Amino acid sequence: MTVEAFAPAKVNLTLHVTGRRDDGYHLLDSIVVFADVGDRLRITPTPKTILRISGPLSQGVPTDDSNLVIRAANLIGATAEIELEKHLPNAAGIGGGSSDAGTILRVLRDMTGTPVPDNGLSLGADVPVCMHAKAARMRGIGEDVLPLDHLPTLNAVLVNSMVALPTGPVFGNLEMKENPPMPDAIPANLDAPAFVDWLGQMRNDLEVPAITVEPAVTATLNALNATQDCLLSRMSGSGATCFGLYPDATTAKNAAARLQSNYPNWWIRSTRLS
Ligand SMILES: C[C@](O)(CO)[C@H](O)COP(=O)(O)OP(=O)(O)OC[C@H]1O[C@@H](n2ccc(N)nc2=O)[C@H](O)[C@@H]1O
Ligand SMILES: Nc1ncnc2c1ncn2[C@@H]1O[C@H](COP(=O)(O)OP(=O)(O)OP(=O)(O)O)[C@@H](O)[C@H]1O
């Protein structure tokens, strides 16, 4: 039996860093949503785990046991032949590897009935929310995932200038470790324009340190801000991917097309976030 699965891009609409634990990991308060662009996986149970990687963005993705897909299968103690088709840039703040791992954990859990230790947190802070793969408020260092069922779908453009930005150095350059969390209650049942207004009052605390490490983030935000009808632009995760929010699918598609013609070598996708 072969299962086909989709590993969506993860987008942090907000990312407040609220403290730092003694082990150096940071406490977060983040609204995480998922895109309709992502990697594709085909999983077939076999006696030995084998990974095959293809797709337009497979270059640079590890093919050995360090790949998060293999680490996810090992964590759950299952073996499978896994075909991974990479469509997401890696080290990009949209959880390419984390979403692959979260998807494998979910599929193998459902296939085998084996519970996932710590919801995959040992594979990365983003893995529990990526295993959930639906809108959520993420707190702790990533282990506390609270589903958010009443967010409006947002029309967005994702932009990555194709510079890889590893997460560790971005946290390392964050000067203020204790920042205010989001309000206790995330507004429910707002329409998209009202929710985007509310998001505008929130933050990504990693934007400034990411720009220090990789100035290309500023160019990406400027490019999004210059597009017609862009309601809000912000970085996702630890960067360098940024997103713009638009009033509807047509304005998002038009903005993506314009950006792609101005920046032919960048990774640019219009998408719906939910
Ligand atoms: C920034 C986010 O993308 C927001 O969703 C995630 O918190 C990062 O998740 P991730 O890529 O799965 O991160 P991990 O692979 O667990 O950690 C990479 C590095 O980021 C830093 N890190 C990560 C998560 C966290 N809550 N605090 C941290 O300080 C640590 O230096 C760690 O060594
Ligand atoms: N299946 C995979 N796909 C992509 N990268 C992988 C995978 N497995 C391991 N990696 C390694 O993990 C590193 C981080 O990849 P990932 O795409 O998850 O980072 P990210 O986009 O910054 O994620 P996050 O938003 O969770 O911080 C890459 O540099 C890559 O070497």
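In this predicted model, Ser99 is found in helix H2, an element that runs over residues 96-112. The residue is classed as buried because 28 other C-beta atoms lie within 10 Å, and a residue counts as buried if 20 or more other C-beta atoms lie within that distance of its own. When residues up to four places away in sequence are left aside, Ser99 touches Ala7, Pro8, Ala9 and Lys10, and in addition Gly38, Asp39 and Cys130.

Ser99 also appears in a UniProt record, an unreviewed entry, which lists it under "binding site" together with Pro89, Asn90, Ala91, Ala92, Gly93, Ile94, Gly95, Gly96, Gly97 and Ser98. Such annotations may be inferred rather than shown by experiment. Pro89, another of the listed residues, is placed in the loop between strand S5, which covers residues 80-85, and helix H2. Although Pro89 lies in a loop, this residue is buried, since 24 other C-beta atoms are found within 10 Å and the cut-off for burial is 20 or more. Its contacts, again without counting residues up to four places away in sequence, are with Leu57, Gly96, Asn160, Met162 and Trp267; one of these partners, Gly96, is itself named in the UniProt list.

A further buried position is provided by Asn155, which is found in strand S8, spanning residues 154-160. Asn155 counts as buried because it has 23 C-beta neighbours inside 10 Å. Beyond the residues up to four places away in sequence, Asn155 touches Leu245, Tyr246, Asp248, Ala249 and Ala252, as well as Arg272. Asn155 and Glu178 stand 23 residues apart along the chain, and their C-alpha atoms are separated by 31 Å.

Considered as a whole, the protein contains eight helices and eleven strands. The radius of gyration is 18 Å, close to the 19 Å that the globule rule gives for 274 residues, and the protein is therefore as compact as a globular protein of that length. Along the principal axes, the C-alpha trace spans about 50 × 45 × 35 Å. Buried residues make up 44% of the 274 residues, and Ser99, Pro89 and Asn155 are among them. Of the contacts in the protein with a separation of 6 or more, 73% are accounted for by residues that are 24 or more positions apart.

Key: Residues are numbered from 1 along each chain as its sequence is written. Chains are lettered from A and ligands numbered from 1 in the order in which they are written. This is a predicted model: local features need pLDDT of at least 70, side-chain atom pairs count only at pLDDT 80 or more; totals for chains, interfaces and linings use all residues. Helices (H or I, at least four residues) and strands (E, at least two) are DSSP runs, numbered from the N terminus. The radius of gyration is taken over C-alpha atoms; the globule rule is 2.2 Å times the number of residues to the power 0.38. A residue is buried if 20 or more other C-beta atoms lie within 10 Å of its own, exposed if 12 or fewer, and partly exposed in between; C-beta atoms are placed from the backbone. Two residues are in contact if their C-beta atoms, placed from the backbone, lie within 7 Å.
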